[in-house]
Amino acid sequence: MPLISKDHIQTHNAALQRHADTDYEYLGEQLARRYIDIDTITQQVAAFGVAIPSWGVGTGGTRFARFPGMGEPRHVFDKLQDCAVIQQLARATPAVSLHIPWDTCSDWGELRQTASSHGLAFDAMNSNTFSDQKDQPHSYKFGSLTHADPATRAQAVEHNIACIEIGEKLGSKALTVWIGDGSNFPGQQHFRRAFERYLESSSAIYAALPDNWRMFLEHKICEPAFYSTVIQDWGSSFMAASALGPKAQCLVDLGHHAPNVNIEMIVARLIAGGKLAGFHFNDSKYGDDDLDAGSVAPYRLFLVFNELVSAAHEKVAGFNPAYMLDQSHNVTDPIESLMTSAAQVQRSYAQALLVDRAELDAAQDANDALMASRALKRAFETDVTPILQRVRALAGGAIDPVGAYRASGYRQRAAKERPAVAGGSGGIV
Ligand SMILES: [Mn+2]
C-alpha cells in the first residue's frame, strides 16, 4: 500500500500556506519585541523528535474491552507503514520504538531496511515480562525479574538479552525495562528481598548491554500489582540505576505517578543526579490513563519541558534524554492521535524555548514569585502554532496533518487491504 502522495500534501498545503505565512510573520514580530529570533526557535524545533511506540498505531483499549478500528496494522511491517505516514505528515517522529514479543519478524534486517526507506530509525527496545508468551516454561503471574524462583528470573533475564540482540540488528541503542512485579496483599512479598532480586537480575541484563547502549528503568506506582510494586517510584528507580552503573538511567512515564505528584520536579532531580533516561509521554486525569499527550494537562507538559530546556541551556553534563510517546487509543484513529501528540510535545518544547531564562533567574533570586510565575506563563500562553506549521512545511510535511490525513483516504485504503481483527481482550500497557 503506498504512502500518502507528495502531491496530495502539496495541494493541501497550498490552500493554507498564505495564512500560515502571515501568522508566522506576525508571531515573529511579537517575539522580536521579546528579543527572540523566531527562525532560531524554528530551527531548534525542527531538530526535535519524539519516537512512536509500535503498539501505539493499533487500537489499545482498556482492561475491560477493546474496540478495534478499521484498517488496523496486522504485523510489524503494517505498523511501520503507519509510523511512516505519521512522520510523512507531522515530521516530528523520526524513530519507532519496538516491543518484543508484540512485534515479531522473521527477518529483522529487512525490517531495518524498510524503516530506512521510510526515513525511520529504531529507538529503544521494550521487553515484556508482564505477560506470558505462548509455550514459555515459567509463568510471570507472580513476577519476573524479582520472582522467588531463580528459573523464572533467569527466563526473564534471557528475554531481555534477546531484546538487546534484536535491537542490535535494528540499530537501536537502548533497552527499556518495565516490570509489573509486586504484590496484592500485605505480607505477600518481602520488600527488600524482592528489590535485591531485581538488582541481581538487572545486573545480568546490564552486563549484556553493548558499550554504546543504555538501559532505561521505567517505574510505575501500581498496576497490575495493587498493594506494592517493586519499582514503584523514581526513588526506587534511582537506587537501582545507581547500583547498576552509568549506562542505567530512569525513564519517566507521565502516567506512572500518584495524582498531583510534581513530575517536573522529579525530572529536575533525575537531571541533577545524571540519571534522566527520557520519557514516555502521555497524559492522565486519574492514573495510568494513557491519554494523548497534553490533552488534559498541557501546562504540566510545558513545565516538564521547562526543566529540560533549562538543563540544556545550562549545558548540564551528560544530559541526553530520549523522547517517546506511550499512549493507548480507544476512541480515536491512532494515526491522528499520534500526530496530534507529537505536535503537542513539540509545542511544549517550543514554548519552553521562549522562557526568558535571565528574567526567570532574576525573579527567583529576588524572591519575586509573581514575576517568576509570569515569565513561565508568558511563554506557555504564546501560541506557537505558526512555528510548528513552518517546521512541518519546510520538511515536506503537512501544515495541517490531521486535515491532510483525513482528506487522503489512507485509513479507508488500509481498511480494504487489512481485514478487521476480532476484538475482545484488553490492550492497555
Ligand atoms: Mn510507559
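**Exercise 1. How many helices and how many strands are there in the chain?**

Solution. Before counting, know what you're looking at: this is a predicted model, where local features need pLDDT of at least 70, side-chain atom pairs count only at pLDDT 80 or more, and totals for chains, interfaces and linings use all residues. Residues are numbered from 1 along each chain as its sequence is written.

Step 1: helices are DSSP runs of H or I with at least four residues, strands are runs of E with at least two, and both are numbered from the N terminus.
Step 2: on that basis the chain has 16 helices and 11 strands.

**Exercise 2. Work out what the radius of gyration says about the chain.**

Solution. Step 1: take the radius over C-alpha atoms, and use the globule rule, 2.2 Å times the number of residues to the power 0.38.
Step 2: the chain comes out at 22 Å, close to the 22 Å that the rule gives for 429 residues, so it is as compact as a globular protein of that length.
Step 3: for the box, go along the principal axes, where the C-alpha atoms fill roughly 65 × 60 × 40 Å.

**Exercise 3. Find the strand order and the edges of the open sheet of 3 strands.**

Solution. Step 1: two strands pair if DSSP finds at least two bridges between them.
Step 2: the order is β1-β2-β3, with parallel pairing.
Step 3: β1 (52-53) and β3 (121-122) each have a single partner strand, so one side of each is left without a neighbour in the sheet.
Step 4: check one pairing: 2 bridges join β1 to β2 (residues 95-97), and I52 stands opposite V96.

**Exercise 4. Do likewise for the open sheet of 6 strands.**

Solution. Step 1: read off β4-β5-β7-β9-β10-β11, paired in parallel.
Step 2: the edge strands, pairing on one side only, are β4 (125-126) and β11 (322-325).
Step 3: β10 (residues 276-281) is joined to β11 by 4 bridges, and F279 has Y323 of β11 as its bridge partner.

**Exercise 5. Describe how α6 and α7 pack.**

Solution. Step 1: get the axes as lines fitted to C-alpha atoms over the stretch in contact, with angles from 0 to 180 degrees between N-to-C directions.
Step 2: α6 (residues 150-170) and α7 (residues 191-207) pack at about 35°, with their axes 9 Å apart.
Step 3: list the contact residues, with C-beta atoms, placed from the backbone, within 7 Å: R153, A156, V157, N160 and I161 of α6 meet R197, S201, A204 and I205 of α7.

Technical notes: Two residues are in contact if their C-beta atoms, placed from the backbone, lie within 7 Å.
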